[in-house]
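Reader: Could you take me on a close walk along one helix of this structure? I would enjoy a connected account of how that part is built and what surrounds it.

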Amino acid sequence: MLGQNAQLVTPPGFAGQVGTYGSDTAPYVQLIAEDFSTLSGADVADIVHFLCVLHGRHPGVIDHAATKTVDDAAREWLIQATDGFAAERSFLTKLTVAAGPISGVSLDDQSNAAVLGQRKALEMLAQSDRSGCAIGAAIALVSDWHHIRNILEQIALRVGVEARSSILPSAEKTSDLNSLLAETPALERALNFGAEQLLNQHRGLWQLLEARRNMRLSR
């Protein structure tokens, strides 16, 4: 299973999860942050293509979570997050088109199928009937996307696509909502579980992208 080696041991609190297991801590993301110029055109195409496979479809994690969440405290955040991620989805699609098609890295390349499996797992997570689970995943997605956005903006410069400012809720506002919703230990566990699973899928994706890059470099 993709991301099998990235199983999480949940630290205390939402901020601890994102800080320890968010995309920013993935080795491939750290490599990109150190020197974006080392990415080839194929690497760039991989990143936007597979992020689009994972999050480019509507309805997505946030849209599903909005139908599962009745808490008044989350309503304003969900409206902003839904609209904001719709804009991010459009941005991601433009980047995918501009970056061009991906190519296989082996005769038996199962990358696309693996990420489709991840997307299915996230759809199930975001439609969970366990109170707090879906909104926990949505909160983690918005928090982690702020880090992913940094990479997408660099890609936009590379491929000539305008990168308008994100209209997603801020990281601070998102973290505050998580704290507000964690009213009981049971709700806090559900929120953390949703966040954990979302972040785990993201780390699995970065592992896949790094493995594809390494396979190309080894040829």
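Author: Gladly! Let us begin with a yardstick: the expected span of a helix is 1.5 Å times one less than its number of residues. The model here is a predicted one, and the part I have picked is helix 5, residues 72–99. With 28 residues at 1.5 Å a residue, helix 5 should span 40 Å, and its end C-alpha atoms lie 41 Å apart, so expectation and model agree.

That agreement leaves room for a bend. Helix 5 has a kink of about 25°, and its centre is Leu78. Leu78 also appears among the buried residues of helix 5.

Now for the two ends. At the start of helix 5, Asp71 offers a side-chain oxygen that comes within 2.8 Å of the backbone nitrogen of Ala73. At the other end, Gly100 follows the helix, and its phi is positive, near 90°.

Between those ends, the buried residues run from Ala74, Trp77, Leu78 and Ala81 through Gly84, Phe85, Glu88 and Arg89 to Phe91, Leu92, Leu95 and Thr96. Charged residues are on that list too, namely Glu88 and Arg89. What covers these buried residues? The cover includes helix 3 (41–55) and helix 4 (61–68), together with helix 7 (133–159) and helix 8 (171–181).

One of those buried residues deserves a closer look, and aromatic pairs are the way in. The whole structure holds two of them. One is away from our helix: Tyr28 and Trp206 meet edge-to-face, 6.3 Å centre to centre with 65° between the planes. Tyr28 belongs to helix 2 (residues 27–34) and Trp206 to helix 9 (residues 185–217), so this pair ties together parts 178 residues apart in sequence. Tyr28 counts as buried because its relative accessibility is 2%, and Trp206 is likewise buried, with a relative accessible area of 2%.

The other pair brings us back to helix 5. The ring centres of Phe85 and Trp145 are 5.0 Å apart and their planes stand at 70°; an angle over 60 degrees counts as edge-to-face, so that is what this pair is. Phe85 sits in helix 5 and Trp145 in helix 7, and the pair thereby links parts of the chain 60 residues apart. Both Phe85 and Trp145 are buried. Helix 7 is thus met twice on this walk: it is among the elements covering the buried residues of helix 5, and it carries the ring partner of Phe85.

Notes. Residues are numbered from 1 along each chain as its sequence is written. This is a predicted model: local features need pLDDT of at least 70, side-chain atom pairs count only at pLDDT 80 or more; totals for chains, interfaces and linings use all residues. Side-chain values use heavy atoms; hydrogens and water are left out. Helices (H or I, at least four residues) and strands (E, at least two) are DSSP runs, numbered from the N terminus. The bend at a residue is the angle between axes fitted to the seven residues ending there and the seven starting there. Buried means under 20% relative accessible area, exposed over 50%, partly exposed in between (1.4 Å probe, protein chains only). Contact means heavy atoms within 4.5 Å. A polar contact is a pair of N or O atoms within 3.5 Å; within protein, one must be able to donate a hydrogen and the other to accept it, and residues adjacent in sequence count only if both atoms are side-chain atoms. Rings of Phe, Tyr and Trp (its six-membered ring) pair if their centres lie within 6.5 Å; planes under 30 degrees apart count as stacked, over 60 as edge-to-face and the rest as tilted.
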